[in-house]
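Work through the exercises below with the coordinates open. Try each task before reading its solution.

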Amino acid sequence: MYEAEQRGLSGELAVYEREDSPVLDALIYADMTTGPAGQSFDFDRRIDEILERYESGSEVHNAISKARPYLGAAVQRVQARLG
């Protein structure tokens, strides 16, 4: 939703029901702890890696910057579930 907003596609995305569940958290966790070549990262390193790859001011850079607290909370929820 953050990237859709940056790209002016919020309206198109709005036709879909928003997922908000442990499954979404698990998907976010998988994405936010795995690098583009399959390497294992902790959350902060993964965010840094994304921000380094995308130019400041780009849609992805802006979206990840705005989404960081949301993504971090999802990662923390999964880590808590894993014990």
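**Exercise 1. Overall fold**

Count the helices and strands in the protein, and give their pattern along the sequence.

Solution.
- Step 1: This is a predicted model.
- Step 2: The protein has five helices and zero strands.
- Step 3: Along the sequence, the pattern reads α-α-α-α-α.
- Step 4: Along the principal axes, the C-alpha atoms fill a box of roughly 40 × 30 × 20 Å.
- Step 5: Of the protein's 83 residues, 30% count as buried.
- Step 6: Take the contacts between residues at least 6 apart in sequence; 49% of them join residues at least 24 apart.

**Exercise 2. H4 against H5**

Decide whether H4 and H5 are roughly parallel or antiparallel to each other.

Solution.
- Step 1: Two packed helices are described by the angle between their axes and the distance between the axes.
- Step 2: The axes of H4 and H5 cross at roughly 170 degrees and come within 10 Å.
- Step 3: The cut-off for roughly antiparallel is an angle over 145 degrees.
- Step 4: H4 and H5 are therefore roughly antiparallel.
- Step 5: On the H4 side, the contact is made by Phe43, Asp44, Ile47, Asp48, Ile50 and Leu51.
- Step 6: H5 supplies Val60, His61, Ile64, Ser65, Arg68, Leu71, Gly72 and Val75.
- Step 7: By class, this contact of H4 with H5 has eight nonpolar, three polar and three charged residues.

**Exercise 3. H3 against H5**

Find how H3 and H5 are oriented to each other: roughly parallel or perpendicular?

Solution.
- Step 1: H3 covers residues 22–32, and H5 covers residues 59–82.
- Step 2: H3 and H5 pack at about 105 degrees, with their axes 8 Å apart.
- Step 3: Angles of 65 to 115 degrees count as roughly perpendicular.
- Step 4: H3 and H5 are therefore roughly perpendicular.
- Step 5: From H3, the residues in the contact are Pro22, Leu24, Asp25, Ala26, Ile28, Tyr29 and Met32.
- Step 6: They meet Tyr70, Leu71, Ala74, Val75, Arg77, Val78, Gln79, Arg81 and Leu82 in H5.
- Step 7: The residues of the contact of H3 with H5 divide into twelve nonpolar, one polar and three charged.

**Exercise 4. Two residues of H5**

Classify Val60 and His61 as buried or exposed, then list their contacts beyond four places in sequence.

Solution.
- Step 1: Val60 lies in helix H5, and so does His61.
- Step 2: The cut-off for buried is under 20% relative accessible area.
- Step 3: Val60 has a relative accessible area of 12%, so Val60 is buried.
- Step 4: His61 has 14%, so His61 is buried.
- Step 5: Leaving aside neighbours within four places in sequence, Val60 is in contact with Glu3, Arg7, Ile50 and Tyr54.
- Step 6: With residues up to four places away not counted, His61 touches Leu51, Tyr54, Glu55 and Ser56.
- Step 7: Val60 and Glu5 are 55 residues apart along the chain, and their C-alpha atoms are separated by 11 Å.

**Exercise 5. The largest pocket**

Give the space in the largest pocket and describe its lining by class.

Solution.
- Step 1: The largest pocket holds about 570 Å³ of space.
- Step 2: Its lining has 25 residues, and the closest to the centre are Met1, Tyr2, Glu3, Arg18 and Tyr70.
- Step 3: The elements giving two or more residues are helix H1 (2–6), helix H2 (10–13), H3, helix H4 (43–53) and H5.
- Step 4: H5 gives the most, with six residues.
- Step 5: By class, the lining of the largest pocket divides into 16 nonpolar, one polar and eight charged residues.

**Exercise 6. Met1**

Place Met1 in the chain and work out its exposure class.

Solution.
- Step 1: Met1 sits in the segment before H1.
- Step 2: Partly exposed runs between the 20% and 50% cut-offs.
- Step 3: Met1 has a relative accessible area of 46%, so Met1 is partly exposed.
- Step 4: Residues up to four places away in sequence aside, Met1 touches Leu13 and Arg18.
- Step 5: The C-alpha atoms of Met1 and Ala14 are 9.1 Å apart, at a separation of 13 residues along the chain.
- Step 6: Met1 is also among the residues closest to the centre of the largest pocket.

Conventions: Residues are numbered from 1 along each chain as its sequence is written. This is a predicted model: local features need pLDDT of at least 70, side-chain atom pairs count only at pLDDT 80 or more; totals for chains, interfaces and linings use all residues. Side-chain values use heavy atoms; hydrogens and water are left out. Axes are lines fitted to C-alpha atoms, for helices over the stretch in contact, and angles run from 0 to 180 degrees between N-to-C directions. Helices (H or I, at least four residues) and strands (E, at least two) are DSSP runs, numbered from the N terminus. Angles under 35 degrees count as roughly parallel, over 145 as roughly antiparallel, 65 to 115 as roughly perpendicular and the rest as oblique. Contact means heavy atoms within 4.5 Å. Ala, Val, Leu, Ile, Met, Phe, Trp, Tyr, Cys and Pro count as nonpolar, Asp, Glu, Lys and Arg as charged, and the others, Gly among them, as polar. On a 1 Å grid over the protein atoms alone, a cavity is a set of points where a 1.4 Å probe fits but cannot get out, and a pocket is an open set with protein on both sides within 12 Å along at least five of seven lines; lining residues have an atom within 4 Å of a point. Grid points are joined across faces, edges and corners, and a volume is the space filled by probe spheres set on the points. Buried means under 20% relative accessible area, exposed over 50%, partly exposed in between (1.4 Å probe, protein chains only).
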